[in-house]
Amino acid sequence: MRFEHFLEVADWLPDPLLLLTRDGTIMSANRAATRLLGAALEVLRGTSLKTRVDGDDELLTRHLRESARAR
């Protein structure tokens with residue numbers, strides 16, 4: 001499945017999905033994620049997830065690192 005096709009399908013899913021770089025930069029998001037984060041994809045793209053969520057930055061960084069390794 002091509003990347004673009006995946007994003008088209010993901011847009012219709014009810015659960016928020018984010019495509020992130022290893023450091024947590026938002027590359028893409030489906031409609032549910034943009035609603036949850038309160039911003040359009042054009043605004044979210046290129047920003048850090050850390051600036052969009054409340055909580056422990058170190059915990060988020062650790063989670064992103066572990067998720068990247070689990071591929």
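Which residues does L49 touch, not counting residues up to four places away in sequence?

1. In this predicted model, L49 touches L18, L20, G24, I26 and L60, with residues up to four places away in sequence left out of the list. Two of these partners, I26 and L60, belong with L49 to the largest nonpolar core.

2. That core has 10 residues. Besides I26, L49 and L60, its members are A29, A33, L37, A39, L41, L44 and L64. Two or more residues come from each of the elements β2 (26-29), α2, α3 and α4 (57-69). As general background, nonpolar side chains tend to be buried together in soluble globular proteins.

3. The count of salt bridges comes to one. The side chains of R31 and D11 form this contact, at 3.2 Å from N to O. The pair links distant parts of the chain, 20 residues apart: R31 lies in helix α2 (residues 31-37), whereas D11 lies in the loop between α1 (3-10) and β1 (18-20).

4. Are the two partners of the salt bridge buried or exposed? R31 has a relative accessible area of 39% and is therefore partly exposed. D11 is also partly exposed, because its relative accessibility is 24% and the buried class requires a value under 20%.

5. On confidence, the protein chain has an average pLDDT of 87, and 96% of the residues score at least 70. Among the elements of the chain, helix α3 (residues 41-44) has the highest mean pLDDT, 95, and α1 the lowest, 80. Helix α3 is also one of the elements that give two or more residues to the core described above.

Definitions and conventions: Residues are numbered from 1 along each chain as its sequence is written. Side-chain values use heavy atoms; hydrogens and water are left out. A salt bridge is a side-chain nitrogen of Lys or Arg within 4 Å of a carboxyl oxygen of Asp or Glu. Helices (H or I, at least four residues) and strands (E, at least two) are DSSP runs, numbered from the N terminus. Buried means under 20% relative accessible area, exposed over 50%, partly exposed in between (1.4 Å probe, protein chains only). pLDDT is the predictor's confidence in each residue, from 0 to 100. A nonpolar core is a set of buried Ala, Val, Leu, Ile, Met, Phe, Trp, Tyr and Cys residues joined through side-chain atoms within 4.5 Å. Contact means heavy atoms within 4.5 Å.
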